[in-house]
Amino acid sequence: MGYITPATVATHNTHTDCWVSFLGKVFDLTKLVAENEGILTQPIVAAAGTDISHWFNARTGDVRASPLLPA
């Protein structure tokens, strides 16, 4: 597959068509959201169609801490 532009990702911005980009890659999270509806998928749906690289440590690729998850 060729390049996917930010404009293309932006068109997939609902809970039934949910794409995000992060750390230089694009992911279709539609199935994940459908199978795990609830409070923990709300931030993903809210960010659908955008770049979420700021959620990750750019050096390690690890997810940064979420205020929604218990400590």
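Trainee: In which helix does Leu32 lie?
Mentor: This is a predicted model, and its helices are numbered from the N terminus. Leu32 lies in helix α2.

Trainee: Is Leu32 buried, partly exposed or exposed?
Mentor: Buried means under 20% relative accessible area and exposed means over 50%. Leu32 has a relative accessible area of 41%, so Leu32 is partly exposed.

Trainee: How far apart are the C-alpha atoms of Leu32 and Cys18?
Mentor: Along the chain, Leu32 and Cys18 are 14 residues apart. In space, their C-alpha atoms are separated by 9.2 Å.

Trainee: Which residues is Ile44 in contact with, leaving aside its neighbours within four places in sequence?
Mentor: Leu32, which lies in helix α2, is one of them. The full set is Cys18, Leu29, Leu32, Val33 and Trp55.

Trainee: How many residues does the largest nonpolar core have?
Mentor: In soluble globular proteins, nonpolar side chains tend to be buried together. Here the largest nonpolar core includes Cys18, Leu29, Val33 and Ile44. Its other members are Val20, Phe22, Ala47, Ala48, Ile52 and Phe56. The size of this core is ten residues.

Trainee: Which element gives the largest share of this core?
Mentor: The largest share is three residues. These three come from β2.

Trainee: In what order do the three strands of the open sheet stand?
Mentor: Strands of a sheet pair through backbone hydrogen bonds, either parallel or antiparallel. In this sheet the pairing is antiparallel. The edge strands, each pairing on one side only, are β1 (13-14) and β3 (25-28). The order is β1-β2-β3.

Trainee: Over how many bridges do β2 and β3 pair?
Mentor: Val20 stands opposite Phe27 in β3, and Ser21 stands opposite Val26 in β3. The two strands pair in the antiparallel sense, and the number of bridges is four.

Trainee: Which residue takes a positive phi in the hairpin of β2 and β3?
Mentor: The hairpin has two residues between the strands. The positive phi is near 50°, and the residue that takes it is Leu23.

Trainee: How many aromatic pairs does the structure hold, and how are the rings of Phe22 and Phe27 arranged?
Mentor: The structure holds two aromatic pairs. The ring centres of Phe22 and Phe27 are 4.6 Å apart. Planes under 30 degrees apart count as stacked. The planes of these two rings are at 20°, so the pair is stacked.

Trainee: Are Phe22 and Phe27 buried or partly exposed?
Mentor: Phe22 has 16% relative accessibility, so Phe22 counts as buried. Phe27 has a relative accessible area of 32%, so Phe27 is partly exposed.

Trainee: How many residues apart are Phe22 and Phe56, whose rings also pair?
Mentor: The rings of Phe22 and Phe56 have their centres 4.4 Å apart and their planes at 5°, so this pair is stacked. The pair links distant parts of the chain: Phe22 is in strand β2 (residues 17-22), and Phe56 is in the segment after α3 (42-46). Their separation is 34 residues.

Trainee: Which residues do the ring pairs link into a cluster?
Mentor: Phe56, with a relative accessible area of 11%, is buried and belongs to the cluster. The linked residues are Phe22, Phe27 and Phe56.

Trainee: Which backbone oxygen does the side chain of Thr41 reach?
Mentor: Thr41 lies in the loop between α2 (30-35) and α3. At 8% relative accessibility, Thr41 counts as buried. Its side chain reaches, at 3.0 Å, the backbone oxygen of Gly38.

Note on methods. Residues numbered from 1 in each chain as written. Predicted model: local features only at pLDDT ≥ 70, side-chain atom pairs only at ≥ 80, totals over all residues. Heavy atoms only, no water. Phe/Tyr/Trp six-rings, centres within 6.5 Å; stacked < 30°, edge-to-face > 60°. Buried < 20%, exposed > 50% of the residue type's maximum accessible area, 1.4 Å probe, protein only. Pairing = 2+ DSSP bridges. Polar contact = N/O pair within 3.5 Å; in protein donor to acceptor, adjacent residues only side chain to side chain. Core = buried A, V, L, I, M, F, W, Y, C linked by side-chain atoms within 4.5 Å. Contact = heavy atoms within 4.5 Å.
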